[in-house]
Amino acid sequence: MTEIFESTGQSLLYGVVGLVVMAVGFIALDLVTPGKLYHVVWTDRNRGAAVLLGSQSVAVGLVIMKAIEASESEQGLGYGLVSTLLYGLAGVLVMTVVGIVIGVLTPGQMGAVVLDDQGDRPHPAAWVQAGMYLGTGFMVGAAIS
(Lines give C-alpha, C1' and ligand atoms only; values in the text may rest on other atoms or scores of the structure.)
Protein backbone atom coordinates (compact mmCIF):
# COMPACT_ATOMS: atom_id res chain seq x y z
CA MET A 1 0.00 0.00 0.00
CA THR A 2 2.91 2.35 0.73
CA GLU A 3 4.11 1.93 -2.87
CA ILE A 4 0.71 3.11 -4.15
CA PHE A 5 0.86 6.27 -2.04
CA GLU A 6 4.45 6.91 -3.10
CA SER A 7 3.57 6.48 -6.78
CA THR A 8 0.55 8.74 -6.36
CA GLY A 9 2.72 11.44 -4.80
CA GLN A 10 5.22 11.16 -7.64
CA SER A 11 2.40 11.40 -10.18
CA LEU A 12 1.16 14.56 -8.52
CA LEU A 13 4.64 16.10 -8.58
CA TYR A 14 5.07 15.28 -12.27
CA GLY A 15 1.61 16.73 -12.83
CA VAL A 16 2.69 20.01 -11.22
CA VAL A 17 5.78 20.13 -13.42
CA GLY A 18 3.60 19.42 -16.47
CA LEU A 19 1.22 22.18 -15.46
CA VAL A 20 4.09 24.65 -15.16
CA VAL A 21 5.34 23.72 -18.64
CA MET A 22 1.80 23.99 -20.05
CA ALA A 23 1.44 27.45 -18.49
CA VAL A 24 4.75 28.56 -20.01
CA GLY A 25 3.55 27.21 -23.37
CA PHE A 26 0.34 29.23 -23.06
CA ILE A 27 2.34 32.38 -22.25
CA ALA A 28 4.71 31.75 -25.18
CA LEU A 29 1.80 31.30 -27.60
CA ASP A 30 0.17 34.41 -26.19
CA LEU A 31 3.34 36.39 -26.93
CA VAL A 32 3.46 35.38 -30.60
CA THR A 33 -0.24 35.85 -31.42
CA PRO A 34 -2.01 39.21 -31.67
CA GLY A 35 -4.23 40.17 -28.74
CA LYS A 36 -4.57 38.42 -25.42
CA LEU A 37 -4.95 34.70 -26.10
CA TYR A 38 -7.33 34.16 -23.18
CA HIS A 39 -9.64 36.89 -24.48
CA VAL A 40 -9.35 35.82 -28.13
CA VAL A 41 -10.28 32.19 -27.36
CA TRP A 42 -12.79 32.44 -24.50
CA THR A 43 -14.43 35.82 -25.12
CA ASP A 44 -14.12 36.32 -28.88
CA ARG A 45 -14.52 32.56 -29.45
CA ASN A 46 -11.96 32.67 -32.26
CA ARG A 47 -11.75 29.23 -33.83
CA GLY A 48 -8.27 29.72 -35.30
CA ALA A 49 -6.86 30.64 -31.91
CA ALA A 50 -8.61 27.63 -30.37
CA VAL A 51 -7.10 25.34 -33.02
CA LEU A 52 -3.63 26.74 -32.26
CA LEU A 53 -4.01 26.48 -28.50
CA GLY A 54 -5.45 22.99 -28.68
CA SER A 55 -2.71 21.69 -30.95
CA GLN A 56 0.00 23.34 -28.92
CA SER A 57 -1.44 21.81 -25.73
CA VAL A 58 -1.40 18.33 -27.28
CA ALA A 59 2.17 18.87 -28.54
CA VAL A 60 3.40 20.09 -25.15
CA GLY A 61 1.62 17.16 -23.49
CA LEU A 62 3.45 14.78 -25.82
CA VAL A 63 6.80 16.36 -24.98
CA ILE A 64 6.04 16.15 -21.26
CA MET A 65 5.00 12.50 -21.61
CA LYS A 66 8.26 11.62 -23.36
CA ALA A 67 10.23 13.65 -20.82
CA ILE A 68 8.62 11.75 -17.95
CA GLU A 69 9.34 8.44 -19.67
CA ALA A 70 12.97 9.46 -20.16
CA SER A 71 13.28 10.64 -16.55
CA GLU A 72 13.13 7.10 -15.20
CA SER A 73 16.57 6.87 -13.70
CA GLU A 74 18.49 5.70 -10.71
CA GLN A 75 19.30 9.30 -9.86
CA GLY A 76 16.03 9.81 -8.04
CA LEU A 77 12.78 11.71 -8.20
CA GLY A 78 14.36 15.18 -8.00
CA TYR A 79 16.49 14.48 -11.05
CA GLY A 80 13.45 13.19 -12.92
CA LEU A 81 11.39 16.27 -12.08
CA VAL A 82 14.14 18.68 -13.12
CA SER A 83 14.85 16.81 -16.36
CA THR A 84 11.13 16.76 -17.18
CA LEU A 85 10.91 20.49 -16.55
CA LEU A 86 13.95 21.27 -18.71
CA TYR A 87 12.92 18.96 -21.56
CA GLY A 88 9.41 20.41 -21.46
CA LEU A 89 10.65 23.99 -21.55
CA ALA A 90 13.01 23.09 -24.40
CA GLY A 91 10.01 21.74 -26.31
CA VAL A 92 8.06 24.95 -25.74
CA LEU A 93 11.05 26.97 -26.91
CA VAL A 94 11.45 24.91 -30.09
CA MET A 95 7.70 25.17 -30.83
CA THR A 96 7.79 28.93 -30.34
CA VAL A 97 10.82 29.32 -32.62
CA VAL A 98 9.19 27.12 -35.28
CA GLY A 99 6.04 29.27 -35.05
CA ILE A 100 8.08 32.44 -35.49
CA VAL A 101 10.04 31.01 -38.43
CA ILE A 102 6.84 29.87 -40.16
CA GLY A 103 5.46 33.36 -39.57
CA VAL A 104 8.48 34.93 -41.26
CA LEU A 105 8.29 32.56 -44.24
CA THR A 106 4.58 33.06 -44.94
CA PRO A 107 2.87 36.09 -46.46
CA GLY A 108 1.42 38.62 -44.02
CA GLN A 109 1.67 38.41 -40.26
CA MET A 110 1.08 34.74 -39.47
CA GLY A 111 -0.60 35.37 -36.13
CA ALA A 112 -3.09 37.79 -37.67
CA VAL A 113 -3.81 35.47 -40.59
CA VAL A 114 -4.34 32.48 -38.30
CA LEU A 115 -6.82 34.45 -36.21
CA ASP A 116 -8.80 35.52 -39.28
CA ASP A 117 -11.80 33.20 -38.97
CA GLN A 118 -13.67 32.78 -42.24
CA GLY A 119 -17.31 32.72 -41.24
CA ASP A 120 -17.69 29.77 -38.94
CA ARG A 121 -14.38 28.13 -39.93
CA PRO A 122 -10.79 28.79 -38.93
CA HIS A 123 -8.46 30.11 -41.61
CA PRO A 124 -6.55 27.24 -43.31
CA ALA A 125 -3.33 28.74 -41.93
CA ALA A 126 -4.54 27.83 -38.42
CA TRP A 127 -4.51 24.16 -39.41
CA VAL A 128 -1.04 24.52 -40.96
CA GLN A 129 0.31 26.13 -37.79
CA ALA A 130 -1.44 23.48 -35.68
CA GLY A 131 0.25 20.78 -37.74
CA MET A 132 3.60 22.47 -37.23
CA TYR A 133 3.09 22.48 -33.46
CA LEU A 134 2.12 18.81 -33.44
CA GLY A 135 4.99 17.87 -35.75
CA THR A 136 7.41 19.77 -33.55
CA GLY A 137 6.02 18.02 -30.46
CA PHE A 138 6.64 14.63 -32.09
CA MET A 139 10.13 15.71 -33.17
CA VAL A 140 11.14 16.93 -29.72
CA GLY A 141 9.50 13.89 -28.11
CA ALA A 142 11.54 11.57 -30.33
CA ALA A 143 14.71 13.46 -29.47
CA ILE A 144 14.05 13.01 -25.76
CA SER A 145 13.44 9.26 -25.85
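**Exercise 1. The chain as a whole**

Among contacts in the chain between residues at least 6 apart in sequence, what percentage join residues at least 24 apart? Describe also the helices, the box and the surface of the chain.

*Solution.* We begin with the ground rules: this is a predicted model, in which local features need pLDDT of at least 70 and side-chain atom pairs count only at pLDDT 80 or more, while totals for chains, interfaces and linings use all residues. Residues are numbered from 1 along each chain as its sequence is written, and side-chain values use heavy atoms, with hydrogens and water left out.

Step 1. A contact means heavy atoms within 4.5 Å. Of the contacts between residues at least 6 apart in sequence, 73% join residues at least 24 apart.

Step 2. Helices (H or I, at least four residues) and strands (E, at least two) are taken as DSSP runs and numbered from the N terminus. Counted in this way, the chain has 6 helices and 0 strands, and its pattern along the sequence reads α-α-α-α-α-α.

Step 3. Along the principal axes, the C-alpha atoms fill a box of roughly 55 × 30 × 20 Å.

Step 4. Accessible areas come from the Shrake-Rupley method with a 1.4 Å probe, and for residues only the protein chains shown count as cover. The chain has an accessible surface of about 8,300 Å², and 68% of that surface belongs to carbon and sulfur atoms.

Step 5. A residue is called buried under 20% relative accessible area, exposed over 50%, and partly exposed in between (1.4 Å probe, protein chains only). Of the 145 residues in the chain, 40% are buried.

**Exercise 2. A nonpolar patch on the surface**

Which helix gives the most to the nonpolar patch? Work out the members of the patch before answering.

*Solution.* Step 1. Patches are made of residues with over 30% relative accessible area and no salt bridge, where like charges are joined within 9 Å and nonpolar side chains (Val, Leu, Ile, Met, Phe, Trp, Tyr) within 5 Å.

Step 2. The nonpolar patch consists of I27, L31, V32, L93, V97, I100, V101, V104 and L105, which together have about 880 Å² of accessible area.

Step 3. Both α1 (2–32) and α4 (77–105) supply at least two residues each, and α4 gives the most, with 6 residues.

Step 4. As a contrast within α4, take V104 and G99: V104 lies in this helix and counts as exposed because its relative accessibility is 65%, whereas G99, also found in α4, counts as buried because its relative accessibility is 12%.

**Exercise 3. The salt bridges**

How many salt bridges does the rule give? Name the partners and say where they lie.

*Solution.* Step 1. Side chains of opposite charge can pair when their charged atoms come close. The rule used here asks for a side-chain nitrogen of Lys or Arg within 4 Å of a carboxyl oxygen of Asp or Glu, and the count comes to 2 salt bridges.

Step 2. In one of these, the side chains of D30 and K36 meet at 3.3 Å, N to O. D30 is buried because its relative accessible area is 15%, while K36 is exposed because its relative accessible area is 57%.

Step 3. E69 also forms a salt bridge, with K66, the closest N and O atoms being 3.3 Å apart. Both residues lie in helix α3 (residues 47–70), 3 residues apart, which is about one turn of the helix. E69 is partly exposed, since its relative accessible area is 44%.

Step 4. Leaving aside residues up to four places away in sequence, K66 touches G141, I144 and S145. K66 and A143 are 77 residues apart in sequence, yet 9.1 Å apart in space, C-alpha to C-alpha.

**Exercise 4. An unusual backbone angle**

Where is R45 found, and what is notable about its phi?

*Solution.* Step 1. Most residues other than glycine have a negative phi, and most peptide bonds are trans.

Step 2. R45 is not a glycine, although its phi is positive, at about 60°.

Step 3. R45 is found in the loop between α2 (37–43) and α3, and it is exposed because its relative accessible area is 65%.
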